[in-house]
Amino acid sequence: MTHDAELDATGLLCPLPVLKARKRLQALQSGQVLRMLADDPAAIVDVPHFCTEAGHDLLDMADTDKAQIYLIRKG
């Protein structure tokens, strides 16, 4: 899937991946997609919860050897 912006939050621990995603999403227009990489184990819970609370759509979550990939559409 195509995305409009990318955020590399690898190496950051909770709550920094979500805080960085929030800041990056603020710069996007509604409907645009952010691709975020994170390797914090807590992100698996934190990112979906953040999306629900903030009104964003979590389009996809994928796990690779090095990080998780999240596709978030700004609400």
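**Group meeting: a helix and its sheet**

Hi everyone, let's begin with two strands: β3, covering residues 57-63, runs antiparallel to β4, and six bridges join them. Keep in mind throughout that this is a predicted model.

Staying with that pair, β3 and β4 make a hairpin, with four residues between them. If you'd like a place to look on screen, find M61, which stands opposite Y70 in β4.

Now to another partner of β4. β2 and β4 are also antiparallel, and six bridges join them. Here you can pick out L34, whose bridge partner in β4 is I72.

So how many of the six residues of β4 are buried? Five of them are, and the strand is mostly covered.

On to the helix. α1 spans residues 16-26, and its buried residues are P17, V18, A21 and L25. Why do these sit on the same side of α1? Because they cover an arc of only 95° around the axis. As a reminder for anyone who hasn't drawn a helical wheel lately, an α-helix has 3.6 residues a turn, so residues three or four places apart point the same way.

What about the face turned away from that buried side of α1? There you'll find the exposed residues K23 and Q26.

And what do the buried residues of α1 pack against? Their partners are β1 (5-8), β2 (33-38), α2 (43-54) and β4 (68-73). That brings us back to β4: this strand is joined by bridges to β3 and to β2, and the buried residues of α1 pack against it.

Thanks for listening, everyone!

Terms used:
Residues numbered from 1 in each chain as written. Predicted model: local features only at pLDDT ≥ 70, side-chain atom pairs only at ≥ 80, totals over all residues. Heavy atoms only, no water. Buried < 20%, exposed > 50% of the residue type's maximum accessible area, 1.4 Å probe, protein only. Arc of directions from axis to C-beta. Contact = heavy atoms within 4.5 Å. Pairing = 2+ DSSP bridges.
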